[in-house]
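Hi,

Here's the structure I promised to pass along. Have a look at it first, and my notes on what turned up follow below.

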Amino acid sequence: MRIAVLVSGGGTNLQAIIDGVKDNTIKNTEICLVYSNNPKAYALTRAQEAGIDTAVISPKEFEKRDDFNEALFGLLTETAPDLIVLAGCLVVIPQKVVEAFRNRIINIHPSLIPSFCGTGYYGLGVHEKVLERGARVSGATVHFVDEGTDTGPIILQKPVMVRDDDTPETLQKRIMKEAEWKLLPMAINLIATGKVKVEDGKAVISGYDDEILPGLF
Ligand code: GRF
(Lines give C-alpha, C1' and ligand atoms only; values in the text may rest on other atoms or scores of the structure.)
Protein backbone atom coordinates (compact mmCIF):
# COMPACT_ATOMS: atom_id res chain seq x y z
CA MET A 1 0.00 0.00 0.00
CA ARG A 2 1.38 3.41 -0.99
CA ILE A 3 0.53 6.20 1.44
CA ALA A 4 0.81 9.98 1.25
CA VAL A 5 1.14 11.66 4.65
CA LEU A 6 -0.11 15.26 4.96
CA VAL A 7 1.40 17.36 7.75
CA SER A 8 1.68 20.94 9.01
CA GLY A 9 3.86 20.85 12.11
CA GLY A 10 6.30 18.89 14.23
CA GLY A 11 5.53 15.53 12.71
CA THR A 12 5.68 13.26 15.75
CA ASN A 13 2.79 11.25 14.28
CA LEU A 14 4.64 11.08 10.96
CA GLN A 15 7.68 9.79 12.89
CA ALA A 16 5.55 7.05 14.47
CA ILE A 17 4.49 6.01 10.95
CA ILE A 18 8.06 6.11 9.60
CA ASP A 19 9.21 3.96 12.55
CA GLY A 20 6.30 1.53 12.13
CA VAL A 21 7.03 1.03 8.43
CA LYS A 22 10.71 0.50 9.21
CA ASP A 23 10.20 -2.07 11.97
CA ASN A 24 7.37 -3.72 10.02
CA THR A 25 4.67 -3.21 12.65
CA ILE A 26 2.98 -1.43 9.74
CA LYS A 27 3.03 -4.14 7.11
CA ASN A 28 2.85 -3.93 3.36
CA THR A 29 3.24 -0.12 3.37
CA GLU A 30 5.45 2.46 1.68
CA ILE A 31 5.34 6.22 2.32
CA CYS A 32 5.45 7.65 -1.21
CA LEU A 33 5.04 11.33 -0.29
CA VAL A 34 5.02 13.73 2.65
CA TYR A 35 3.14 16.94 1.82
CA SER A 36 3.13 20.09 3.96
CA ASN A 37 1.30 23.40 3.54
CA ASN A 38 3.92 24.92 5.84
CA PRO A 39 7.46 25.10 4.42
CA LYS A 40 8.89 25.39 7.96
CA ALA A 41 7.26 22.24 9.32
CA TYR A 42 9.83 20.08 11.12
CA ALA A 43 7.92 17.09 9.74
CA LEU A 44 9.57 17.83 6.37
CA THR A 45 13.03 17.37 7.94
CA ARG A 46 11.92 14.06 9.44
CA ALA A 47 10.75 12.92 5.98
CA GLN A 48 13.95 14.02 4.26
CA GLU A 49 16.07 12.26 6.89
CA ALA A 50 14.12 9.09 6.16
CA GLY A 51 14.68 9.51 2.41
CA ILE A 52 11.01 10.18 1.62
CA ASP A 53 9.90 12.53 -1.20
CA THR A 54 8.43 15.80 0.05
CA ALA A 55 6.24 18.50 -1.48
CA VAL A 56 5.23 21.92 -0.19
CA ILE A 57 2.29 23.88 -1.55
CA SER A 58 1.20 26.79 0.61
CA PRO A 59 -2.21 28.45 0.27
CA LYS A 60 -0.28 31.73 0.62
CA GLU A 61 1.16 31.16 -2.88
CA PHE A 62 -2.33 31.61 -4.37
CA GLU A 63 -4.72 34.53 -4.56
CA LYS A 64 -7.78 32.30 -4.71
CA ARG A 65 -8.44 29.33 -2.44
CA ASP A 66 -9.84 27.43 -5.42
CA ASP A 67 -6.46 27.63 -7.15
CA PHE A 68 -4.71 26.21 -4.08
CA ASN A 69 -7.33 23.44 -3.87
CA GLU A 70 -6.73 22.62 -7.52
CA ALA A 71 -2.95 22.45 -6.99
CA LEU A 72 -3.32 20.12 -3.99
CA PHE A 73 -5.81 17.97 -5.93
CA GLY A 74 -3.32 17.81 -8.82
CA LEU A 75 -0.45 16.76 -6.56
CA LEU A 76 -2.50 14.02 -4.88
CA THR A 77 -4.07 12.61 -8.04
CA GLU A 78 -0.67 12.59 -9.72
CA THR A 79 0.89 10.79 -6.74
CA ALA A 80 -2.12 8.44 -6.67
CA PRO A 81 -1.60 6.95 -3.20
CA ASP A 82 -3.79 4.08 -1.99
CA LEU A 83 -4.33 5.96 1.28
CA ILE A 84 -3.96 9.59 2.38
CA VAL A 85 -3.03 10.05 6.05
CA LEU A 86 -3.64 13.39 7.74
CA ALA A 87 -1.08 13.51 10.55
CA GLY A 88 -1.47 16.94 12.14
CA CYS A 89 -2.53 18.53 8.85
CA LEU A 90 -4.22 21.88 9.36
CA VAL A 91 -5.39 22.30 5.76
CA VAL A 92 -9.11 21.84 5.09
CA ILE A 93 -9.14 19.01 2.56
CA PRO A 94 -10.86 20.17 -0.67
CA GLN A 95 -14.16 18.47 -1.43
CA LYS A 96 -12.80 17.28 -4.75
CA VAL A 97 -10.05 15.37 -2.93
CA VAL A 98 -12.57 13.84 -0.50
CA GLU A 99 -14.68 12.66 -3.44
CA ALA A 100 -11.70 11.26 -5.40
CA PHE A 101 -10.38 9.41 -2.33
CA ARG A 102 -13.65 8.35 -0.67
CA ASN A 103 -12.90 6.11 2.37
CA ARG A 104 -9.22 6.37 1.52
CA ILE A 105 -8.35 9.39 3.70
CA ILE A 106 -7.81 9.04 7.46
CA ASN A 107 -7.20 11.65 10.15
CA ILE A 108 -5.96 11.60 13.74
CA HIS A 109 -7.86 13.90 16.11
CA PRO A 110 -6.69 14.47 19.70
CA SER A 111 -10.00 13.88 21.52
CA LEU A 112 -12.71 11.25 21.78
CA ILE A 113 -15.01 12.19 18.88
CA PRO A 114 -17.82 13.38 19.06
CA SER A 115 -16.54 15.36 22.06
CA PHE A 116 -14.22 18.33 21.58
CA CYS A 117 -14.12 18.20 17.79
CA GLY A 118 -15.45 20.07 14.76
CA THR A 119 -14.69 23.53 13.43
CA GLY A 120 -12.22 25.43 15.61
CA TYR A 121 -11.05 22.37 17.56
CA TYR A 122 -7.43 21.92 16.60
CA GLY A 123 -3.99 22.04 18.21
CA LEU A 124 -3.65 23.05 21.83
CA GLY A 125 -7.17 24.56 21.77
CA VAL A 126 -8.71 21.08 21.95
CA HIS A 127 -6.96 20.36 25.24
CA GLU A 128 -7.70 23.84 26.63
CA LYS A 129 -11.41 23.22 26.07
CA VAL A 130 -11.24 19.78 27.71
CA LEU A 131 -9.69 21.35 30.82
CA GLU A 132 -12.12 24.32 30.78
CA ARG A 133 -15.04 21.86 30.76
CA GLY A 134 -13.53 19.83 33.58
CA ALA A 135 -13.76 16.58 31.61
CA ARG A 136 -12.15 13.64 33.42
CA VAL A 137 -11.31 11.72 30.26
CA SER A 138 -10.07 12.63 26.81
CA GLY A 139 -8.11 10.63 24.25
CA ALA A 140 -7.62 10.29 20.51
CA THR A 141 -9.58 9.13 17.48
CA VAL A 142 -8.58 7.90 14.04
CA HIS A 143 -11.40 8.32 11.52
CA PHE A 144 -12.10 8.38 7.81
CA VAL A 145 -12.47 11.85 6.35
CA ASP A 146 -15.75 12.89 4.76
CA GLU A 147 -17.12 16.31 3.77
CA GLY A 148 -17.66 17.40 7.40
CA THR A 149 -15.14 18.33 10.08
CA ASP A 150 -14.31 15.24 12.17
CA THR A 151 -17.59 13.59 11.12
CA GLY A 152 -16.39 10.55 9.14
CA PRO A 153 -16.56 6.90 10.26
CA ILE A 154 -14.52 6.21 13.41
CA ILE A 155 -11.82 3.55 13.03
CA LEU A 156 -10.01 3.46 16.41
CA GLN A 157 -10.25 5.36 19.68
CA LYS A 158 -8.30 5.29 22.91
CA PRO A 159 -9.15 7.09 26.16
CA VAL A 160 -6.57 8.95 28.24
CA MET A 161 -7.42 10.08 31.77
CA VAL A 162 -7.23 13.79 32.60
CA ARG A 163 -5.22 14.69 35.72
CA ASP A 164 -5.99 17.51 38.17
CA ASP A 165 -2.55 18.99 37.59
CA ASP A 166 -2.76 18.85 33.77
CA THR A 167 -2.05 21.90 31.65
CA PRO A 168 -3.09 21.90 27.95
CA GLU A 169 0.56 21.11 27.17
CA THR A 170 0.90 18.12 29.52
CA LEU A 171 -2.44 16.70 28.39
CA GLN A 172 -1.50 17.12 24.72
CA LYS A 173 1.82 15.35 25.28
CA ARG A 174 0.25 12.44 27.22
CA ILE A 175 -2.49 11.94 24.60
CA MET A 176 0.17 11.83 21.88
CA LYS A 177 2.34 9.35 23.76
CA GLU A 178 -0.36 7.08 25.13
CA ALA A 179 -2.84 7.23 22.27
CA GLU A 180 -1.94 8.98 18.99
CA TRP A 181 1.45 7.41 18.30
CA LYS A 182 -0.12 3.95 18.79
CA LEU A 183 -3.49 4.43 17.12
CA LEU A 184 -2.36 5.96 13.83
CA PRO A 185 0.24 3.28 12.93
CA MET A 186 -2.24 0.62 14.07
CA ALA A 187 -5.01 2.00 11.85
CA ILE A 188 -2.69 2.15 8.83
CA ASN A 189 -1.60 -1.44 9.41
CA LEU A 190 -5.22 -2.58 9.66
CA ILE A 191 -6.05 -0.88 6.37
CA ALA A 192 -2.87 -2.19 4.70
CA THR A 193 -3.74 -5.73 5.72
CA GLY A 194 -7.28 -5.44 4.39
CA LYS A 195 -9.04 -5.58 7.76
CA VAL A 196 -11.09 -2.37 7.52
CA LYS A 197 -14.23 -1.75 5.52
CA VAL A 198 -16.97 0.87 5.69
CA GLU A 199 -20.55 -0.39 5.98
CA ASP A 200 -23.59 1.83 6.52
CA GLY A 201 -21.38 4.78 7.44
CA LYS A 202 -19.42 2.86 10.08
CA ALA A 203 -15.93 1.37 9.96
CA VAL A 204 -15.93 -2.39 10.51
CA ILE A 205 -12.66 -4.05 11.57
CA SER A 206 -12.29 -7.80 11.35
CA GLY A 207 -11.01 -9.34 14.58
CA TYR A 208 -11.57 -6.11 16.56
CA ASP A 209 -12.84 -7.58 19.86
CA ASP A 210 -10.36 -10.44 20.10
CA GLU A 211 -7.20 -9.16 18.41
CA ILE A 212 -7.21 -5.35 18.28
CA LEU A 213 -8.94 -4.20 21.48
CA PRO A 214 -6.63 -6.11 23.88
CA GLY A 215 -3.60 -4.59 22.12
CA LEU A 216 -4.80 -1.04 22.82
CA PHE A 217 -4.31 -1.31 26.61
C1 GRF B 1 -1.59 16.03 16.98
O2 GRF B 1 -2.07 16.30 18.26
C3 GRF B 1 -2.74 15.62 16.10
O4 GRF B 1 -3.69 14.85 16.75
C5 GRF B 1 -3.30 16.94 15.72
O6 GRF B 1 -2.16 17.76 15.52
C7 GRF B 1 -1.08 17.27 16.29
C8 GRF B 1 0.06 16.99 15.36
O9 GRF B 1 1.27 16.71 16.00
N10 GRF B 1 -4.21 16.81 14.61
P11 GRF B 1 2.51 16.21 15.17
O12 GRF B 1 2.79 17.20 14.06
O13 GRF B 1 2.21 14.83 14.64
O14 GRF B 1 3.64 16.16 16.16
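Which atom of the ligand does a polar side-chain atom of Thr-12 lie 2.6 Å from? It's an oxygen atom, and the partner on the protein side belongs to the Thr-12 side chain. Before going further, please keep in mind that this is a predicted model.

**The ligand site**

Thr-12 has company. Glu-180 also brings a polar side-chain atom to an oxygen atom of the ligand, at 2.7 Å. With Asn-13 the backbone is involved: one of its polar backbone atoms is 2.9 Å from a ligand oxygen. On its own the ligand has 370 Å² of accessible area, and the protein covers 86% of that. If you want to pick out the surroundings on screen, the residues around the ligand are Gly-9, Gly-10, Gly-11, Thr-12, Asn-13, Gly-88, Ile-108, Pro-110, Met-176 and Glu-180.

**The overall picture**

The protein contains seven helices and nine strands. Its radius of gyration is 17 Å, which agrees with the value near 17 Å for a compact globule of 217 residues. Along the principal axes, the C-alpha atoms fill a box of roughly 45 × 40 × 35 Å. Of the 217 residues, 49% count as buried. If you take the contacts with a separation of 6 or more, 63% of them are between residues 24 or more positions apart. As for the surface, about 10,800 Å² is exposed, with carbon and sulfur atoms supplying 49% of it.

**Ser-8 and Ser-58**

Ser-8 sits in the loop between β1 (2-7) and α1 (12-22). At 7% relative accessible area, Ser-8 is buried. What does the side chain of Ser-8 make a polar contact with? The side chain of Asn-37, at 2.7 Å. Apart from neighbours within four places in sequence, Ser-8 is in contact with Ser-36, Asn-37, Asn-38, Ala-41, Gly-88, Cys-89, Leu-90 and Val-91. Gly-88 on that list is also one of the residues around the ligand.

Asn-37 comes up again with Ser-58, which touches Asn-37 and Phe-68 once residues up to four places away are set aside. Ser-58 is in the loop between β3 and α3 (65-79), and with a relative accessible area of 9% it is buried.

**The cysteines**

In case you were wondering about disulfides, a search of the whole structure finds zero. Why is Cys-89 not bonded to Cys-32? Cys-32 holds the closest cysteine sulfur to that of Cys-89, but the gap is 15 Å, too far for a bond. For Cys-117, the closest cysteine sulfur is in Cys-89, and at 17 Å that is also too far for a bond. Cys-89 is buried, with a relative accessible area of 12%, and Cys-117 counts as buried at 19%. That 19% falls under the 20% cut-off for buried.

**Ala-55 in β3**

Ala-55 lies in strand β3 (residues 54-56) and counts as buried at 15% relative accessibility. Ala-55 and Tyr-35 are 20 residues apart along the chain, yet their C-alpha atoms are separated by 4.8 Å. Tyr-35 is also among the residues that Ala-55 touches, along with Leu-33, Val-34, Ser-36, Leu-44 and Leu-75, not counting residues up to four places away in sequence.

**Helices α4 and α5**

Is Val-98, in helix α4 (residues 95-100), buried or exposed? Buried, with a relative accessible area of 2%. Leaving out neighbours within four places in sequence, Val-98 is in contact with Ile-93, Ile-105, Val-145, Asp-146 and Glu-147. The C-alpha atoms of Val-98 and Glu-132 are separated by 33 Å, with their positions 34 residues apart along the chain.

In helix α5 (residues 124-133), the buried residues are Gly-125, Val-126, His-127 and Val-130. Their cover includes β5 (105-109), β6 (137-144) and α6 (168-192). Just after α5 comes Gly-134, which takes a positive phi of about 75°.

If you open just one view, I'd go for the ligand site, with the Thr-12 and Glu-180 side chains switched on: each has a polar atom by a ligand oxygen, at 2.6 Å for Thr-12 and 2.7 Å for Glu-180.

Cheers

Definitions and conventions:
Residues are numbered from 1 along each chain as its sequence is written. This is a predicted model: local features need pLDDT of at least 70, side-chain atom pairs count only at pLDDT 80 or more; totals for chains, interfaces and linings use all residues. Side-chain values use heavy atoms; hydrogens and water are left out. Helices (H or I, at least four residues) and strands (E, at least two) are DSSP runs, numbered from the N terminus. Buried means under 20% relative accessible area, exposed over 50%, partly exposed in between (1.4 Å probe, protein chains only). A polar contact is a pair of N or O atoms within 3.5 Å; within protein, one must be able to donate a hydrogen and the other to accept it, and residues adjacent in sequence count only if both atoms are side-chain atoms. Contact means heavy atoms within 4.5 Å. A disulfide is a pair of cysteine sulfur atoms within 2.5 Å. The radius of gyration is taken over C-alpha atoms; the globule rule is 2.2 Å times the number of residues to the power 0.38. Accessible areas come from the Shrake-Rupley method with a 1.4 Å probe; for residues, only the protein chains shown count as cover. A residue is near a molecule or strand if one of its heavy atoms lies within 4 Å of it.
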